[in-house]
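Here is a walk through one protein chain, written to be read with the structure open. Keep the viewer at hand and click along as the strands and helices come up.

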Amino acid sequence: MFDIVFVGTNEEQFNKLKQKVFIAKKADSVEKAQQISLTKFLWIVYDDLEIANDFEFDYTPDDWSQDVAHVFLNGKDYDGISLIPKHIKFNVKETQHRFYIQSKKVEVLASNPVAYDHFYVDTYKEYLHAMQTSKTEMFWVDSRNIKSTLPDIYFTHHDTYNRKENHAFIHDVDERILYNGLFLCSTHKPITEKEINFRHLVSRKEWDIVGSTATTYDVFKIDTYDEYQFALQNTKTEMFWAVSRNLSFELPNIYFTHDNQFDRENNHVFLHCDSKYNGVFLFSKHKLVTEREITHRHIVDRKEWNIKVSGPIVYDLFEIDTYDDYLYALENSKTEMFWMSSANISVDLPEIYFTHDNAYDRMTNHSFLHVNDKRNGLFLLSKHKEVTKREIEHRHIVGCKEWDIVGSGPIEYAKYYPEVYEDYLDALQNSPTEMFWIIPPYVNPTARFAFDTYFTHDQTYDRKINHAYLNGKYHDGIVLCSKNGKFSRREFDYKFIANKKEVNIAISTPKPYDIVFISYQEPNADENYERILQRFPRCKRVHGVKGIHQAHIAGAKLCNTELFWIIDGDATIVDDFNFDYQVARWDKEMVHVWRSQNPINDMVYGYGGVKLFPTDLTINMDTSKPDMTTSISTKFKAVHDISNITAFNTDAFNSFKSAFRECTKLASKVIDRQKNEETEDRLQIWQTVGKERPYGEDAIRGAREGAAYGAANQGNTEALKKINDFDWLKEKFDGNI
């Protein structure tokens, strides 16, 4: 490899070369470079070049060009890196102009020209600084009062004229052609202070290239003198807009060229709200203002423009129900005043705005009328007058200016229709209002109820407790829930809420329970079912399912309500029974049995009566127990009203079967919670009374045989289960067993 010698004084460029080729040397002229070189040829690298990334200094001259300089592409020209023989002496002009008489052009991109340095020059001091510190022999003279686009211009090293001349480019403003914007200046041709101040170069080369246009002045929010000082130090333009957090604005398209010295060095004010000049300002860095002028938003020495630039601002709105909410609003409000709303009010924001000169209103807090002439709804708070945690929590701001304007009203609490506890938890988490209605699927809301209950902030007790309303007779339906009164899954399921206030207003009725008519081989079943359908069209039917347990399970699976009514196939419903009984939600696992009248012996008790069963418990009942009614739940309630006549005496077999089954259960003591004395009385009546009634003798026979069978098989579950097998009972009736 040939020696590589850096010629120049730019240490930054030399270090870049060293990073690429660490053996590079340094000299202050081509002649000195030849003297220190130890190789037949040497590379000359000037300090105004950027070496191409893929150039490796690995070129070797051929045998026919041992006595000439080899010059390589520097961008588009051949004035950059060269490979010269050590023994050839070149004259000073050749090396200075990088134009070798005896040379060979090598079409390999070895380098690109270093971009000319760029400076912002608006004062003569800045110009002198640029002249002293520029690392390139030409440099761009920009301004903070223009928007520049640097042309792609480079003058080759042997272009002595342009390299030693100052250049001016078009400053395009309002279709005027000016040359007081962007300059490309030569370190070889100094300019005077006057030329800088007036931005007018006397001796210049003019280019028909747009180098700059009007700039857009920087914009700062300035409400304090510190903010003004910050803008003064940080603006990138020589003029800057000063707006306020207390106004809305639309900045005009204003720009002053360098020759308009009066406007550039003056402060400008614009109309605010039609008649005031305390809104938007255009400040000049050349004309400072005082702290008092900023504080009072009154610029003393100013140029007034009859252009409306700013107007009232809409103050930020925050939902504030906690002190943390307030602190967040205080920190994040973009306006100096902000509205304090709540999740517990509806808002109708008044059209209120205070100009800067109205210091009293801007620096105090304001309250507006709420429900019943209270002032605990909407507030307009000032960042200049902070309030305490206690004031926020009690929604009572001390020292407010009171307005006789209604700013807020009652809110309509959100409605939810939860089916499971997780739905309630979702409402608790996501309700936009602090209280919310839960309307369960098993109720019918009353049409006249408007769901317009509302509690103001001072009604702390009511806002923090759950309100249970009457659902028919019980408080187990619709609840107005508080986000502060979470209740458990069990409380939700049974609607027996511990932390509640019972409201004795019926706003719903329970949806009627499903009715199921269960028949097997009863001769009068069809007639009974048709009679029921005429009064209760919602009644469903299960027919022909073998096994008393299985028939009831099939009936439960037809139902959509949590409880369902059961009517036996031989039941004749009495006229005043309406299937409108309501079970409290907390008793939903209770088995209810109504009384029935026996057509043979006139006894009135639960045998054959209408029943109300829990649906899910019925589906999952223990089918091994002989008495189906008492196998569903441990909770049992006998209702003393008569529901029907159990007309089982339709023929000899059905009379025998019914009596046999009931007396077997009575005698075997399988009915939970039965009373022995009462049971013995019933057994006696079944076996002795009603002989003269239709099929009375068959019923008495069945009662006697059933009582004997039950007594003999007491505790024998397998034997007792046979009473639910109607085929076995038929054989018993026929005397085959």
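Start at Met340 in strand β22: its bridge partner in β25 is Phe379. This is a predicted model, so take the pairings as what the prediction shows. The two strands, β22 and β25 (residues 379-382), run antiparallel and share four bridges. On β21 (residues 316-319), β22 has a parallel partner, and four bridges join those two strands as well. There, Asp316 stands opposite Phe338 of β22. To get from β21 to β22 the chain goes through helix α10 (residues 323-332), and this β-α-β crossover is right-handed.

How many residues of β22 are buried? Five of the five in β22 (residues 337-341) are, so the strand is largely enclosed by the rest of the structure. If you look at the two faces separately, Met337, Trp339 and Ser341 are buried on one side, and Phe338 and Met340 are buried on the other.

**Now over to β9**

Strand β9 (residues 138-142) has five of its five residues buried, so it is largely enclosed by the rest of the structure. One face carries Met138, Trp140 and Asp142, the other Phe139 and Val141, and both faces are covered. Strand β8 (residues 117-120) pairs with β9 in the parallel sense over four bridges, with Phe119 partnered by Val141 of β9. Between β8 and β9 the chain passes through helix α4 (residues 124-133), in a right-handed β-α-β crossover. Strand β13 (residues 183-186) runs antiparallel to β9, again joined to it by four bridges. Val141 turns up here too: Phe183 is its bridge partner in β13.

Here are some of the strand pairings in this report, put side by side:

| Strands | Sense | Bridges |
|---|---|---|
| β8 and β9 | parallel | four bridges |
| β9 and β13 | antiparallel | four bridges |
| β21 and β22 | parallel | four bridges |
| β22 and β25 | antiparallel | four bridges |
| β18 and β20 | parallel | five bridges |
| β31 and β33 | parallel | six bridges |

**Two open sheets, each with a helix on it**

One open sheet has six strands in the order β15-β16-β19-β18-β20-β17, with mixed pairing. At its edges are β15 (218-221) and β17 (248-249), each pairing on one side only. Further in, β18 (residues 268-272) and β20 (residues 303-311) run parallel and are joined by five bridges; the partner of Val269 in β20 is Glu304. Helix α7 (residues 225-234) packs on this sheet, where it touches β15, β16 (239-243) and β19 (281-284). The direction of α7 makes about 160 degrees with that of β15.

Another open sheet of six strands, also with mixed pairing, is ordered β28-β29-β32-β31-β33-β30. Which strands stand at the edges? They are β28 and β30 (443-445), and each has a single partner strand, so one side of each is left without a neighbour in the sheet. Strands next to each other in this sheet are turned by 40 degrees on average, direction ignored. Strand β31 (residues 466-471) pairs with β33 (residues 500-510) in the parallel sense over six bridges, and Ala468 has Glu502 as its bridge partner in β33.

Helix α13 lies across β28, β29 and β32, running at about 160 degrees to β29. In α13 (residues 421-430), the buried residues are Tyr421, Tyr424, Ala427 and Leu428. Looking down the axis of α13, you find these buried residues within an arc of 115 degrees, so they line one face of the helix. Their cover includes β28 (414-416), β29 (435-438), β32 (479-482) and α15 (489-494).

**The nonpolar cores**

In soluble globular proteins, nonpolar side chains tend to be buried together. In this model, the largest nonpolar core has 35 residues, and Trp43, Phe55, Phe57 and Ile81 touch the most other members. Elements that each supply at least two residues of this core include β1 (3-7), α1 (11-20), α2 (30-36) and β7 (103-113). The top contributor is β3, with six residues.

What is Phe55 in contact with, leaving aside neighbours within four places in sequence? The residues are Lys20, Trp43, Phe72, Ile81, Val108, Leu109 and Ala110. Apart from this core lies another, of 34 residues, with Tyr255, Trp305, Tyr353 and Phe354 among them.

Methods
Residues numbered from 1 in each chain as written. Predicted model: local features only at pLDDT ≥ 70, side-chain atom pairs only at ≥ 80, totals over all residues. Heavy atoms only, no water. Core = buried A, V, L, I, M, F, W, Y, C linked by side-chain atoms within 4.5 Å. Buried < 20%, exposed > 50% of the residue type's maximum accessible area, 1.4 Å probe, protein only. Contact = heavy atoms within 4.5 Å. Pairing = 2+ DSSP bridges. Right-handed = clockwise from strand over helix to strand, strands pointing away. Arc of directions from axis to C-beta. Axes fitted to C-alpha atoms, helices over the stretch in contact; angles between N-to-C directions.
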